[in-house]
Amino acid sequence: MVLAQLGGTITRAIRQMNNATIVDQKVLNECLNEINRALLNADVRFQLVRDMHNNVKRIVNFDDLAAGHNKRRIIQQAIFNELCNMLDPGKPSFTPQKGKTSVIMFVGLQGSGKTTTCTKYAYYHQRKGWKPALVCADTFRAGAFDQLKQNAIKAKIPFYGSYAESDPVKIAVEGVETFKKENRDLIIVDTSGRHKQEAALFEEMRQVSEATKPDLIVFVMDSSIGQAAFDQALAFKQSVPVGAVIVTKMDGHAKGGGALSAVAATKSPVIFIGTGEHMDEFEVFDVKPFVSRLLGMGDWSGFMDKIHEVVPEDQQPELLRKLSEGNITLRIMYEYLQNIQKMGPIGQVFSMLPGLSSELMPNDQEVESQAKIKRYMTMMDSMTNEELDSPNPKIMNESRSMRVARGSGCDISEVMEMLEEYKRLAKICSKMKGLKIPTRRCDMNTRSRNLNAQHVSGVLPPQMLKLIGGRGGLRNLMK
Ligand SMILES: Nc1nc2c(ncn2[C@@H]2O[C@H](COP(=O)(O)OP(=O)(O)OP(=O)(O)O)[C@@H](O)[C@H]2O)c(=O)[nH]1
């Protein structure tokens, strides 16, 4: 994914600067040139790159910086802020409220991923306790209603559409009215794909918007269209009041930077990104955590959110308690792997941890890692309760391991590898003993202050600790 490469290049440029003995104008120029190249390669608009370059140089004025100033920190912060400014239009989009009816209309180019994204958006909210419903006002593409219907049935979301009616305005109005009566709190209207040259289709879109009076119009954009995104986004915005953007296909080798910067230029915030064809490959887009991940600085709150998304609320304290008690059994490892699987692509989760980037997990390794997790779980399915619940790793002697290998259809070497992984996890968790892990997102600020950097540094792999800048870096990060 191009953004992982972009993040990797920017992180490397900053690291090179950090490694320089003296940070002077020449070092800063080299660092900025490297970042410029990375951004232009990712298809970010030239004007934006130039502005960012000039702004950082203006902020980091070596003549004005008194001795004793931490130049590295100031430069890093300036780059971070400029990247955030590039992606942040400065005003939030309309936010629907649970329990109160909102109508959200989706518009975009043909094939940009609207229908898929409508369902992902509905599914995302449904999992958080909302009552979404889908309306198919795409009468242009044969098969559009079937596609929405199939997705909706799969996600168990009510839907409305018609094979006979050809007027999208009529269908949209009827659908919205039906679901309003049913007290659905999120009514999502999918519309036909259109291109900026198609004036009649643009007029039709305007009519659907006028008739349904949506609270929010979301422009869905395929990240691979790069710089062309700018003109398209503007054309849509000039016809209907677009209030937010969702960028899809960020998982592909797309020129994602172009789409991101272009939509930022239209002054509507990106609210979600699509990262795959599956229903749950959909992420909330928050500028600061996103840039933080892009720069390899991690996103603890996103990571905690992921944990809270996949571990049922009532089990969260339990699992975190077990992990922090340090007495890890194979059954706990099984639960842990189950949760990792639910967290989505491992590369994505990786990028939320400071010092790591999703670049470290190439696509082929992603598939391999998921397969490995499945194999480990199959092996554990062949274990007895005694083996799963014993806190003593030595219980898995040779004959037991041979039996597990036969029972799971795996090689004995694979069983040994899984047991090694288990011992490694047990060792990490034993170092976490007594560590106060925040159990809720709102605990992040208060509790994380109480986390002991020494304790955490003992848990992190040495390589990762080095990337963060040792214990000092970790302390700053935790602050
Ligand atoms: N890899 C990937 N594929 C996606 C993503 N979102 C959508 N797609 C795929 O993109 C293709 C087009 O998606 P649709 O949802 O049919 O697009 P649409 O905008 O509704 O199409 P029209 O109604 O013709 O305008 C499908 O094959 C989707 O599976 C994404 O985030 N990642």
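A crossover is right-handed if, with the strands pointing away from the viewer, the path from the first strand over the helix to the second runs clockwise. Keep that rule in mind for this tour. The model on your screen is predicted.

**Stop 1: a β-α-β unit**

Select strand 2, helix 6 (residues 144-155) and strand 3. Together these three make a right-handed β-α-β unit. Turn the view until the strands point away from you, and test the rule: the path over the helix should run clockwise.

**Stop 2: strand 2**

Now keep strand 2 alone, residues 132-137. How many of its six residues are buried? The count is six of six, so strand 2 is largely enclosed by the rest of the structure. Show the side chains next. P132, L134 and C136 point one way from the strand. A133, V135 and A137 point the other way. Residues on both faces are buried.

Next, bring back the neighbours. Strand 4 covers residues 186-191 and runs parallel to strand 2. Six bridges join the two. Pick C136 and look across to strand 4: D190 stands opposite.

Strand 3 is made of residues 159-160. Strand 3 also pairs with strand 2 in the parallel sense, over two bridges. Select L134 and you will find F159 opposite in strand 3. Then select V135, whose bridge partner in strand 3 is Y160.

**Stop 3: the whole sheet**

Zoom out and display the strands. Eight of them form an open sheet. Trace the order 3-2-4-1-5-6-7-8. The pairing in this sheet is mixed. Which strands stand at the edges? They are strand 3 and strand 8 (282-284). Each has a single partner strand, so one side of each is left without a neighbour in the sheet.

**Stop 4: strand 6 and its partners**

Select strand 6, residues 242-248. Six of its seven residues are buried, so to speak of cover, this strand is mostly covered. Add strand 5, residues 216-222. Strands 5 and 6 pair in the parallel sense over six bridges. Click on M221 and look opposite: V247 of strand 6 is there. Now follow the chain from strand 5 through helix 9 to strand 6. This β-α-β crossover is right-handed.

On to strand 7, residues 270-274. Strand 7 pairs with strand 6 in the parallel sense, over three bridges. Select V245 to find its bridge partner in strand 7, V270.

**Stop 5: a stretch from the record**

Highlight residues 269-282. UniProt, in an unreviewed entry, places the feature "domain: SRP54-type proteins GTP-binding" here. The end C-alpha atoms of this span lie 16 Å apart. The span is 43% strand and 0% helix.

**Stop 6: aromatic rings**

A search of the whole structure finds nine aromatic pairs. Select F202 and F236, one of these pairs. A pair of rings is described by the distance of the centres and the angle of the planes. For F202 and F236 the centres are 4.8 Å apart and the planes are at 50°, which makes the pair tilted. The two rings link distant parts of the chain. F202 is in helix 8 (residues 199-212), and F236 is in helix 9 (residues 229-239). They are 34 residues apart.

Are these two residues buried or exposed? The cut-off for buried is under 20% relative accessible area. F202 has 8%, so F202 is buried. F236 has 0%, so F236 counts as buried as well.

Now select F106, Y121, Y124, F272 and F282. Ring pairs link these residues into a cluster.

**Stop 7: the ligand**

Display the ligand and what lies around it. How many residues surround the ligand? The number is 19. The closest are K114, T115, T116, R141 and D251. Check three contacts with oxygen atoms of the ligand. At S112, a polar backbone atom is 3.2 Å from a ligand oxygen. At K114, an N or O atom in the side chain is 2.8 Å from a ligand oxygen. At T116, a polar side-chain atom lies 2.5 Å from a ligand oxygen.

**Stop 8: helix 19**

Finish at E420. This residue is in helix 19 (residues 412-431). With 48% relative accessibility, E420 counts as partly exposed. Select P393 too. E420 and P393 are 27 residues apart in sequence. In space they are 9.5 Å apart, C-alpha to C-alpha.

Key: Residues are numbered from 1 along each chain as its sequence is written. This is a predicted model: local features need pLDDT of at least 70, side-chain atom pairs count only at pLDDT 80 or more; totals for chains, interfaces and linings use all residues. Side-chain values use heavy atoms; hydrogens and water are left out. Rings of Phe, Tyr and Trp (its six-membered ring) pair if their centres lie within 6.5 Å; planes under 30 degrees apart count as stacked, over 60 as edge-to-face and the rest as tilted. Helices (H or I, at least four residues) and strands (E, at least two) are DSSP runs, numbered from the N terminus. Buried means under 20% relative accessible area, exposed over 50%, partly exposed in between (1.4 Å probe, protein chains only). UniProt positions are given in the numbering used here, feature names are shortened, and annotations may be inferred rather than shown by experiment. Two strands pair if DSSP finds at least two bridges between them. A residue is near a molecule or strand if one of its heavy atoms lies within 4 Å of it. A polar contact is a pair of N or O atoms within 3.5 Å; within protein, one must be able to donate a hydrogen and the other to accept it, and residues adjacent in sequence count only if both atoms are side-chain atoms.
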